[in-house]
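Hi everyone, thanks for coming. Please bring the sequence and the 3D view up on your screens, and I will walk you through the parts I would like you to look at.

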Amino acid sequence: MGNSACSFNRYSLVVHVSYIWCHGTKCHTSHTQDRVRGSKGSKVLRTRKVKQHTDSEWYEQNQVYNYFCSQTCLHDFIRDHLQRIVALDPRTEPQETPIEIETFTRTDYFGKPYTDKTIKERVDTITE
Ligand SMILES: [Zn+2]
């Protein structure tokens, strides 16, 4: 990953920010002003940087938007690499989760009882 790190001091709050280049396969082709770089005569559309707030308590490494600047870029990447992504963990059989269906009685707005059902996973025997 093309990481670069920088830090800045703003309003006496020191924040460490690192960036990852957006992994969208067409990010550098979107016609937006924030992607324009370079000087007159040699301007380019450049892939966006995605901020990594690794110092924040809400940061989660596996959040997809740490790697993509937008939903469009995420879907471009998935579309372009789908066969390889699926090949990482091929699914040749369905998976199953053992459950119990519990039936219980509720009361509607008018006080009339009715039967409702809920699905509960059987914790004791969950298998992959
Ligand atoms: Zn992007």
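Let's begin at Pro98, which is exposed because 11 other C-beta atoms are within 10 Å. The rule here is that a residue is buried with 20 or more other C-beta atoms within 10 Å of its own, exposed with 12 or fewer, and partly exposed in between, the C-beta atoms being placed from the backbone. You'll find Pro98 in the loop between H1 and E6. From Pro98 to Lys120 the C-alpha distance is 8.7 Å, while in sequence the two are 22 residues apart.

A word on what we are looking at. This is a predicted model, where local features need pLDDT of at least 70 and side-chain atom pairs count only at pLDDT 80 or more, while totals for chains, interfaces and linings use all residues. Residues are numbered from 1 along each chain as its sequence is written. As for pLDDT, that is the predictor's confidence in each residue, from 0 to 100. The protein has a mean pLDDT of 87, with 84% of its residues at 70 or more. Do be careful with residues 1–15, where pLDDT stays under 50.

Now the overall layout. How many helices and strands does the protein have? There are 1 helix and 7 strands, in the order β-β-β-β-β-α-β-β from the N terminus. These are DSSP runs numbered from the N terminus, with helices (H or I) of at least four residues and strands (E) of at least two.

Right after Pro98 comes the hairpin of E6 and E7, with 5 residues between the two strands. In the turn, Gly111 has a positive phi of about 85 degrees. Strand E6 covers residues 99–107, and 9 bridges join it to E7 in an antiparallel arrangement; strands count as paired if DSSP finds at least two bridges between them. To trace the pairing, find Glu100, which stands opposite Lys120 in E7, and then Thr105, whose bridge partner in E7 is Thr115.

Is this hairpin buried or in the open? E7, residues 113–121, has 9 residues and 0 of them are buried, so this strand lies largely in the open. E6 also has 9 residues with 0 buried, so E6 lies largely in the open too.

Let's move to the helix. H1 spans residues 71–88, which is 18 residues, yet its end C-alpha atoms are only 22 Å apart, short of the 26 Å that a straight helix would reach at 1.5 Å a residue. That expected span is 1.5 Å times one less than the number of residues. H1 has a kink of about 75 degrees centred on His81, where the bend is the angle between axes fitted to the seven residues ending there and the seven starting there.

Which residues of H1 are buried? They are Cys73, Asp76 and Phe77. Asp76 counts as buried because it has 20 C-beta neighbours inside 10 Å. Leaving out residues up to four places away in sequence, Asp76 touches Gly24, Thr25 and Lys26; contact here means C-beta atoms, placed from the backbone, within 7 Å. Cys27 is 49 residues from Asp76 along the chain, and their C-alpha atoms are separated by 8.7 Å.

That brings us to the largest nonpolar core, which has 7 residues: Cys22, Cys27, Val50, Phe68, Cys69, Cys73 and Phe77. By a nonpolar core I mean a set of buried Ala, Val, Leu, Ile, Met, Phe, Trp, Tyr and Cys residues joined through C-beta atoms within 7 Å. Cys69 touches Cys22, Gly24, Cys27, Arg48 and Val50, not counting residues up to four places away in sequence. Across the protein, buried residues make up 9% of the 128 residues.

Conventions
Two residues are in contact if their C-beta atoms, placed from the backbone, lie within 7 Å.
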